[in-house]
Amino acid sequence: MGELDGRAAVVTGGGSGIGRAVAHWLHRAGAQVAVLDRDAAAARAVATEIGGSAYEIDVRDGETFADALDDVRRALGGLHVLVNNAGIGDLRPLHTLDDRTWRRLVDVNLTGTFNGIRAAVPLMVAGDGGVIVNVASATAFMPTRNEAAYSAAKAGVVALTKSAALEYGPAVRVNCVAPGTIRTPMTEAFDRFPDAFAPVADALPLRRMGEPGEVAEVVGFLCSDRSSYVTGQTIVVDGGGTLPQAGVDDALRRLSERFRQS
């Protein structure tokens, strides 16, 4: 028996990285999982791996997002778990951010999370209740160089998590996970410029980068009844990276210099 047997779960940005790992974790725990991603092929691939369903959506589109969740509810007999994982990053000095880039980063990372909460809560309240887990970032607490819009949006996700937990308990628990340096497609620069990022792992107390599955374990805990008395909280999963002198800022400075020279 799985701890999430009989529950219907949705994971946004589920086509790769942390989202894919979360979808697999939820499936192993017994949930029926719908994978949402703007990359339709990636969503279908993960859905096939876990015997779930796939939806192509852009989380910035609140109406389409709501329609997808309602379709999941009708197809699976309810909506019990939502993991708002979809996100994008960018790397450039704050003063060079144009309006389009700023809006894109805030809209995907923050407004996309808002759209998910807004659509899921009525369905969960009308049913048997539910759990929402938002994925922020360790940069919400310790912003890193040249990630102003991303860090600001993720800080907003942390605040939004607390507000939703206050408003919708006890029917809906809302929590947040803030990953640090995790190997995902969003951190491909780490592999492209290994010398620039070599100090990052050395500076972390755990002396290594994290893996998507390690974040998924924490997300899964928050989705399960083992966290039944936890709401409005953010768990940082960063190998100690937000502790002082973690070295990430210096690595990003060197990477920015490398981009300017290329």
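**Figure 1. Contacts that link far-apart stretches of the chain.** Among contacts in the protein between residues at least 6 apart in sequence, 70% join residues at least 24 apart. Keep in mind that you are looking at a predicted model. Its secondary structure comes to nine helices and seven strands. As you trace the chain, you can try to find each of these nine helices and seven strands for yourself.

**Figure 2. The overall size of the protein.** How does the radius of gyration fit with a compact globule? A compact globule with 262 residues would have a radius of gyration near 18 Å, and the protein has 18 Å, so the two agree. The C-alpha trace spans about 55 × 40 × 35 Å along its principal axes.

**Figure 3. Inside, outside and charge.** Of the 262 residues, 51% count as buried. On the outside, the accessible surface comes to about 12000 Å². Carbon and sulfur atoms account for 51% of that surface. The protein has 26 positive and 31 negative charges, and their mean positions are 3 Å apart.

**Figure 4. A close-up of Ile 117 in helix 4.** Here we zoom in on Ile 117, which belongs to helix 4, residues 99-126. Is Ile 117 buried or exposed? Its relative accessibility is 6%, and buried means under 20%, so Ile 117 counts as buried. Which residues surround it, leaving aside neighbours within four places in sequence? Ile 117 is in contact with Leu 82, Asn 84, Ile 132, Asn 134, Leu 160 and Ala 164. Take Leu 160 as one of these contacts. Ile 117 and Leu 160 are 43 residues apart along the chain, while their C-alpha atoms are separated by 9.3 Å.

**Figure 5. A close-up of Ser 227 in a loop.** This view moves to the loop between helix 8 (212-223) and strand 7 (234-237), where Ser 227 is found. Although Ser 227 sits in a loop, its relative accessible area is 0%, so this residue is buried. Not counting residues up to four places away in sequence, Ser 227 touches Arg 173, Phe 221 and Leu 222.

**Figure 6. The polar side chain of Ser 227.** Which backbone oxygen does the side chain of Ser 227 reach at 2.9 Å? That oxygen belongs to Phe 221. The backbone oxygen of Leu 222 also features in this view, at 3.1 Å from a polar atom of the Ser 227 side chain. To round off the picture, Phe 221 and Leu 222 are among the residues that Ser 227 touches.

How values were computed: Residues are numbered from 1 along each chain as its sequence is written. This is a predicted model: local features need pLDDT of at least 70, side-chain atom pairs count only at pLDDT 80 or more; totals for chains, interfaces and linings use all residues. Side-chain values use heavy atoms; hydrogens and water are left out. Helices (H or I, at least four residues) and strands (E, at least two) are DSSP runs, numbered from the N terminus. Buried means under 20% relative accessible area, exposed over 50%, partly exposed in between (1.4 Å probe, protein chains only). A polar contact is a pair of N or O atoms within 3.5 Å; within protein, one must be able to donate a hydrogen and the other to accept it, and residues adjacent in sequence count only if both atoms are side-chain atoms. Contact means heavy atoms within 4.5 Å. The radius of gyration is taken over C-alpha atoms; the globule rule is 2.2 Å times the number of residues to the power 0.38. Accessible areas come from the Shrake-Rupley method with a 1.4 Å probe; for residues, only the protein chains shown count as cover. Lys and Arg count as positive and Asp and Glu as negative; His and the chain ends are not counted. The place of a charge is taken as NZ of Lys, CZ of Arg, CG of Asp or CD of Glu.
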